[in-house]
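Visitor: I would like to learn how to read the features of a model such as this one, step by step. Could we go through the side chains and the contacts they make?

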Amino acid sequence: MASSPDVPSVGNTPENPGNGSPSEAPQTAGTAVGSDRRGRVRARRAAVMAVPATLVVAGLAVLTAQGALGVQFAISGMPFTVTATELDGTGFEQFGGLDNMANGSPNAGDSGGQELVVTSAIKNATLTKLCQSVDLGGTNLLITAGSGATKVTASDLTTDSTLLSGDAAFNNIEIGNDASTLTKAGVKGPIGVFSQQADTVRIANLRQTNYATTAGVFKLPGLKLRFSGSGC
């Protein structure tokens with residue numbers, strides 16, 4: 001990330017801390033003052049470098065909240081399974097996308113490090129008996145939540161999937177939209193890409209194979225994480 005260079009004022013540099021040259025000041029006093037001013041210069045430099053970083057992070061947070069960004073991280077290339085006995089959502093969108101792995105990922109195989117996915121975006125969602133598992137080769141990392149009276153809730157939820165199944169019902173669905181014109185979940189896809197959106201969605205017996213999931217807020221009551229011989 002580029003940052004503004006520290007430009008010292010005239011006559012006040014780490015090598016020349018006073019208005020005069022080092023030889024014009026007593027040696028001991030000059031050393032103390034020089035060290036103090038060098039410290040202030042370093043502090044100012046750190047502050048200057050931190051400001052652009054803070055602004056960029058704040059900008060990304062705003063863009064994510066507005067739906068201008070999709071998944072921006074490099075995916076691992078390891079698919080994971082998500083199931084729920086029921087998903088209820090308001091503000092639903094769905095469109096095609098492309099996820100990318102890190103350069104040199106051992107999971108790239110013949111894909112070139114890319115996975116064609118279907119992105120599903122839901123403004124607000126509740127999930128009953130959520131299960132997520134990833135096959136680590138010989139064992140599975142298993143996460144469960146929402147099995148009690150309190151359901152899992154998520155806002156600004158997106159999932160990048162290669163498989164989605166279940167018994168679905170939509171209210172006021174629109175099919176065939178340009179993905180760049182979507183409005184229901186606050187996320188916009190690529191221009192010219194086929195998409196659909198609806199006011200509400202309900203999916204019973206949900207099962208997904210995902211490569212990425214993001215959410216603004218994700219609440220997991222009764223969370224349990226463990227290793228298991230079987231997945232979801």
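**Reading the side-chain contacts**

Guide: Let us begin with one ring: F92 is buried, its relative accessible area being 4%. Please keep in mind throughout that this is a predicted model.

Visitor: How many aromatic pairs does the structure hold, and how is the geometry of such a pair read?

Guide: The structure holds one aromatic pair. The general idea is to look at the distance between ring centres together with the angle between the planes, since planes under 30 degrees apart count as stacked, over 60 as edge-to-face and the rest as tilted. Here F92 and F170 lie 5.3 Å apart, centre to centre, with 45° between their planes, so the pair is tilted by that definition. The pair links distant parts of the chain, with F92 in strand β1 (residues 80-100) and F170 in strand β5, 78 residues apart.

Visitor: Is F170 buried or partly exposed?

Guide: F170 is partly exposed, with a relative accessible area of 32%, whereas F92 is buried at 4%. The strand that holds F170, β5, covers residues 152-171.

Visitor: Which residues form a nonpolar patch on the surface?

Guide: For a patch, one asks which residues have over 30% relative accessible area and no salt bridge, with nonpolar side chains joined within 5 Å. In this structure F170, I173, I175 and F194 form such a patch on the surface, and together they have about 400 Å² of accessible area. F170, at 32%, therefore passes the cut-off of over 30% that patch residues need.

Visitor: Let us turn to charged side chains. How many salt bridges does the structure hold?

Guide: A salt bridge is read from the distance between a side-chain nitrogen of Lys or Arg and a carboxyl oxygen of Asp or Glu, which must lie within 4 Å. The structure holds three salt bridges. In one of them R202 is bridged to E86, the closest N and O atoms being 2.8 Å apart. That pair links distant parts of the chain, R202 being in strand β7 (residues 194-214) and E86 in strand β1, 116 residues apart. R202 is partly exposed, with a relative accessible area of 36%.

Visitor: Which side chain meets D156 in a salt bridge, and where do the two lie in the chain?

Guide: The partner of D156 is K123, at 2.8 Å from N to O. This pair also links distant parts of the chain, with D156 in strand β5 and K123 in strand β2 (residues 114-128), 33 residues apart. D156 is partly exposed at 27% relative accessible area, and K123 counts as partly exposed at 30%.

Visitor: What does the salt bridge of K184 and D199 tie together?

Guide: K184 and D199 meet through their side chains at 2.6 Å, N to O. K184 lies in the loop between β6 (174-178) and β7, while D199 is in strand β7, so the pair ties together parts that are 15 residues apart in sequence. K184 is partly exposed, with a relative accessible area of 26%, and D199 counts as partly exposed at 29%.

Visitor: How should I read a charged residue that is buried yet has no salt bridge?

Guide: One looks first for the nearest side chain of opposite charge and then for polar contacts. E93, in strand β1, is buried and has no salt bridge, and the nearest side chain of opposite charge, K188, is 6.9 Å away. Because a salt bridge needs the nitrogen and the carboxyl oxygen within 4 Å, K188 at 6.9 Å does not qualify. The side chain of E93 does reach the backbone nitrogen of T183 at 3.5 Å, and a polar atom of that side chain lies 3.0 Å from the backbone nitrogen of K184.

Visitor: Which side chain makes a polar contact with S161?

Guide: The side chain of N210 makes that contact, at 2.6 Å. S161 is found in strand β5 and counts as buried, at 4% relative accessibility.

Visitor: What does the secondary structure of the whole chain come to?

Guide: It comes to one helix and nine strands, which follow the pattern α-β-β-β-β-β-β-β-β-β along the sequence. Of the 232 residues of the chain, 31% count as buried.

Conventions:
Residues are numbered from 1 along each chain as its sequence is written. This is a predicted model: local features need pLDDT of at least 70, side-chain atom pairs count only at pLDDT 80 or more; totals for chains, interfaces and linings use all residues. Side-chain values use heavy atoms; hydrogens and water are left out. Patches are made of residues with over 30% relative accessible area and no salt bridge: like charges are joined within 9 Å, nonpolar side chains (Val, Leu, Ile, Met, Phe, Trp, Tyr) within 5 Å. Accessible areas come from the Shrake-Rupley method with a 1.4 Å probe; for residues, only the protein chains shown count as cover. Helices (H or I, at least four residues) and strands (E, at least two) are DSSP runs, numbered from the N terminus. Buried means under 20% relative accessible area, exposed over 50%, partly exposed in between (1.4 Å probe, protein chains only). Rings of Phe, Tyr and Trp (its six-membered ring) pair if their centres lie within 6.5 Å; planes under 30 degrees apart count as stacked, over 60 as edge-to-face and the rest as tilted. Lys and Arg count as positive and Asp and Glu as negative; His and the chain ends are not counted. A polar contact is a pair of N or O atoms within 3.5 Å; within protein, one must be able to donate a hydrogen and the other to accept it, and residues adjacent in sequence count only if both atoms are side-chain atoms.
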